[in-house]
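Opening the notebook on a new model today. I want to go through confidence, helices, charged pairs and cores, and jot down what turns up.

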Amino acid sequence: MTESPQPCTPSPVSDAKFLHKHGAEGIENSHMARKPEDVDVATFMREHLTPRPAGEGYVVPDSQYKGDVEKISGAKVKAAIYAPVCALLNKISKRIYDTYIEAGLALDRANPVLFLDHHTGPPKAADLDMKNMPEIVGVFGTKKSMKNFCNEKTKSYMGVPYHRIITTGECKPEAEEGAGQAVSYICQHARARLDMPGTYALFANARGYRILWSDASEVVKSPFVDWTELGLLEGYIRSLYFPPKNHHLWDPTISSPVVLPDAMGSGSKVHWTITYNGSTYSDCNPFFLPLSRGRRTTVFMYEGGGGDDFAVIKDAYRDDAQRFDEATLINDIHGEGIFPGVVRVLESGDVNGEDGTAIVTARPADRDKKVVHRTKKRLIMGSRGSQFCDAKTVKDILKAAYDALEGPFPVHRALLKRRRFLHRDLSIYNVLIYPEHSKQSTEDKEFISDPPKFIDEILGQSNDCDDKCRALLIDADNSASLKSELMSDPALAKELREELAMRTGTPRYIARSAACGRVLGHVFATNFKAMPGLEDTAKDIYIRTYGNETYEEYEDAAGERHGGGASSRKAKDTPFIHRPDHDVESMFWLLVVVFLLAKPQGMPDDCTEELYGAWDYIERHTIGAPGRDDTRQPFFLYDADGWEAILHPGLSSLAPLMVKLGVQVFPEYALMDPAPPEDHLHEVFRRLILEHIVGMGDTDIDLEVGVARETKPPADGNDGKRKADDDPDRGNRQNSKRSKSHRSTQHHDPYYLSI
């Protein structure tokens with residue numbers, strides 16, 4: 001009996017507690033970015049390709065391909081290399097396919113892998129902005145089935161749908177190198193083929209070729225091999241039929257791609273069917289697309305029968321060494337009943353591959369090589385909302401911010417005090433407005449007893465959401481639990497301290513000390529301000545809601561600031577650890593971004609050089625720079641006039657609030673000795689936002705929805721008006737309601753994913 005192909009079996013290493021990709025989906029620290037790793041031929045074939053099965057019938061004499069190899073080697077220009085490379089690949093592919101059929105092996109595909117010369121135009125990518133153009137593409141099919149994409153005159157192909165492509169290639173003449181372009185095709189492939197966890201690619205020139213493998217861990221490439229050695233090429237093609245162990249080409253739970261018109265009327269989108277734990281979710285719209293490596297967070301919207309019959313499906317590759325699991329943390333939050341303002345999980349767990357085992361990355365974790373081993377996880381959620389940039393009014397923004405973070409035991413503060421939960425990545429993508437919850441999320445479930453008091457209840461106003469919260473916290477990829485049982489165990493406490501010392505967040509919104517990974521030591525770091533007081537109606541509402549005892553609890557006693565000591569430690573003697581006030585600072589940066597972009601309804605554009613400069617401070621910020629070099633520091637120097645110069649004139653009334661928030665966020669509270677209460681900055685924001693909302697009375701400011709201010713000087717011919725799809729902070733994000741019809745443009749902060 002003929003022996004079937006045997007996969008290679010690199011043993012996974014579980015001890016990978018050394019490497020975490022930080023931030024939201026795709027955000028990684030710059031020192032973690034790595035070029036594709038070169039491995040020798042023997043190692044690449046052993047670890048990343050399916051070996052040739054034993055049995056004479058599988059031996060392919062290289063002499064059969066001599067003519068094609070000679071044509072490739074003789075190519076002096078690019079146009080002369082495509083056809084012979086495709087001819088060689090197709091001969092090997094057909095020989096392998098036929099041999100497997102003759103041996104009685106079950107193949108999942110009815111046709112062999114067909115390699116096409118595609119150098120005259122890009123593949124067709126529905127609703128994806130893909131500029132790169134792979135010159136060779138591989139599909140399961142026949143020339144007859146692909147004839148609609150063939151130019152009869154040139155015999156080359158153009159516009160093959162990306163969701164049909166299983167592998168790509170780059171060709172160069174003579175001795176030119178082009179593996180970098182082959183890597184860029186792999187990155188595109190990850191965004192177009194959501195059903196392919198891993199992929200192979202080819203680079204070829206007149207002298208030889210190399211093979212690449214990519215999954216959520218990294219890209220690995222073989223050495224450059226001469227055309228006289230075809231064993232590597234044969235292994236590449238064989239692996240497309242029978243991939244080796246832990247090289248998951250296919251996710252069988254994602255299937256049936258269908259190209260549908262985009263609901264926004266711009267182009268089309270590929271929708272997918274997802275199956276999980278016996279349930280089928282058809283016509284799933286992917287609105288958050290992955291980067292090629294890291295968590296590769298992908299989020300789909302399932303609309304079901306419409307209305308509250310929806311589900312948000314999030315796939316991500318979790319680092320096996322990560323201390324906390326997102327689903328576990330969220331389920332723990334809801335352990336005593338539905339916790340208002342927090343995303344609700346319907347189902348969660350590993351995603352299994354075709355072999356019935358969890359989909360994982362191929363390479364074992366390696367401390368020295370900084371290789372992470374990841375497992376594909378899925379969360380099916382019954383909550384969604386909109387981004388703050390889609391707010392309809394200024395009050396809606398302030399109320400959602402209050403409920404999300406600053407209210408009396410609102411979502412983030414209550415999670416900290418009641419559940420010992422720290423989010424660590426608050427941003428415009430992870431705190432949503434206008435929340436909705438599916439009917440499934442509340443079936444046979446009770447809300448927690450004694451729920452937090454939210455802003456509408458405090459002000460005696462109506463709220464249609466079932467949990468009365470105006471905000472929704474999602475994406476706990478980077479979150480941590482501070483429960484006492486962890487802190488009481490010395491080993492677990494040490495592990496938790498190490499976790500909290502890692503830089504985590506999204507560049508525009510991450511707290512300054514979290515971005516640089518150290519306690520700030522600038523000259524004004526100890527300029528601690530007094531706890532702001534309230535007066536008149538705002539104070540009456542506060543005391544009526546929370547009681548005078550609570551108000552007095554946070555008032556400064558003699559020699560205190562925020563309930564902590566006015567003396568200070570030295571920054572160089574104070575280790576960095578992520579604290580609750582860092583999450584509050586992230587909320588400050590969220591408000592900065594939202595208010596800079598906001599445009600009052602019916603008012604003319606008013607973009608100034610001051611605005612362009614301010615936005616540049618935000619846009620240039622990166623994770624990893626020393627704290628003193630944080631490009632956002634100038635925001636703390638703005639007085640009311642400075643804020644009025646960068647806000648739209650119709651929002652000038654917000655300037656005093658932003659000044660007050662800024663002076664409270666500015667100091668380095670890690671230097672305060674003794675330390676203030678852990679929720680001291682929550683209290684500051686609670687008071688200041690409540691004061692401003694009350695001060696607005698019955699008035700509000702309507703905002704343009706879907707239009708942001710122009711943050712760069714308009715180019716010639718530009719009317720200066722920015723549409724929603726031009727703005728990076730209005731892109732599709734996890735659980736965003738707008739995403740069910742929104743384009744699939746990936747936001748590229750320098751991550752981060754989360755998801």
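My entries follow, one topic at a time.

**Entry 1: confidence**

I'm working with a predicted model, so I checked the confidence before anything else. The mean pLDDT of the protein is 81, with 80% of the residues at 70 or more. Residues 1-33 have pLDDT below 50, and I noted that this stretch still has 117 contacts in the model beyond near neighbours in sequence. The stretch 716-733 is also below 50, with 60 contacts counted in that way.

**Entry 2: helix 1 and what covers it**

Which residues of helix 1 are buried? For residues 41-48 I get Thr43, Phe44 and His48. These sit on the same side of helix 1, because they cover an arc of only 100 degrees around its axis. I then looked up what lies over them: the cover includes strand 5 (199-204), strand 6 (208-214), strand 7 (219-221) and helix 5 (231-241).

At the N-terminal end of helix 1 I found a cap from aspartate 40, with a side-chain oxygen 3.2 Å from the backbone nitrogen of alanine 42.

**Entry 3: histidine 247**

Histidine 247 is in the loop between helix 5 and strand 9 (254-261). Buried or exposed, I wondered about histidine 247? Its relative accessibility is 2%, so histidine 247 counts as buried. A polar atom of its side chain lies 3.2 Å from the backbone oxygen of glutamate 47. Neighbours within four places in sequence left aside, I list Glu47, His48, Tyr200, Trp213 and Ala362 as contacts of histidine 247. His48 caught my eye there, as one of the buried residues of helix 1.

**Entry 4: glycine 67**

A brief stop at glycine 67, which belongs to helix 2 (residues 66-73). Glycine 67 is partly exposed, at 40% relative accessible area. From its C-alpha to that of leucine 88 I get 9.1 Å, with the two positions 21 residues apart in sequence.

**Entry 5: salt bridges**

How many salt bridges does the structure hold? The count is 37. I opened a few of them.

Arginine 508 pairs with glutamate 619, with 4.0 Å between the closest N and O atoms. This bridge links distant parts of the chain, 111 residues apart: arginine 508 is in the loop between helix 11 (490-500) and helix 12 (512-516), while glutamate 619 is in helix 16 (residues 609-619). I checked accessibility on both sides. Arginine 508 is buried at 4%, whereas glutamate 619 is partly exposed at 30%.

Next I looked at aspartate 630 and arginine 632, whose side chains meet at 3.0 Å, N to O. Both aspartate 630 and arginine 632 are buried.

Lysine 660 and glutamate 691 form another bridge, at 3.3 Å, N to O. Here too, distant parts of the chain are linked: lysine 660 is in helix 18 (residues 655-665) and glutamate 691 in helix 19 (residues 680-696), 31 residues apart. Lysine 660 is partly exposed at 38%, and glutamate 691 is partly exposed at 26%.

I also noted a network, in which salt bridges with shared partners join Asp251, Asp315, Lys376 and Arg378.

**Entry 6: the nonpolar cores**

I pulled up the largest nonpolar core, which has 81 residues. Which of its members touch the most others? They are Phe388, Phe588, Leu590, Val592, Phe635, Trp643 and Phe685. Helix 15 (residues 580-597) gives this core its largest share, 12 residues.

I zoomed in on phenylalanine 635. Beyond neighbours within four places in sequence, phenylalanine 635 is in contact with Trp589, Val592, Leu596, Ala614, Tyr617, Ile618, Trp643 and Ile646. Apart from the largest core there is another one, of 45 residues, including Val85, Leu107, Phe115 and Leu232.

**Entry 7: helix 16**

Helix 16 had already come up through glutamate 619, so I went back for its buried residues. These are Leu611, Tyr612, Ala614, Trp615 and Ile618. Why do they line one face of the helix? Seen down the axis of helix 16, the buried residues fall within an arc of 165 degrees, so they line one face. What they pack against is helix 15 and helix 17 (640-646). Ala614 and Ile618 are also among the contacts of phenylalanine 635.

Definitions and conventions. Residues numbered from 1 in each chain as written. Heavy atoms only, no water. pLDDT = per-residue confidence, 0-100. Contact = heavy atoms within 4.5 Å. Buried < 20%, exposed > 50% of the residue type's maximum accessible area, 1.4 Å probe, protein only. Helix = DSSP H or I, 4+ residues; strand = E, 2+ residues; numbered from the N terminus. Arc of directions from axis to C-beta. Polar contact = N/O pair within 3.5 Å; in protein donor to acceptor, adjacent residues only side chain to side chain. Core = buried A, V, L, I, M, F, W, Y, C linked by side-chain atoms within 4.5 Å.
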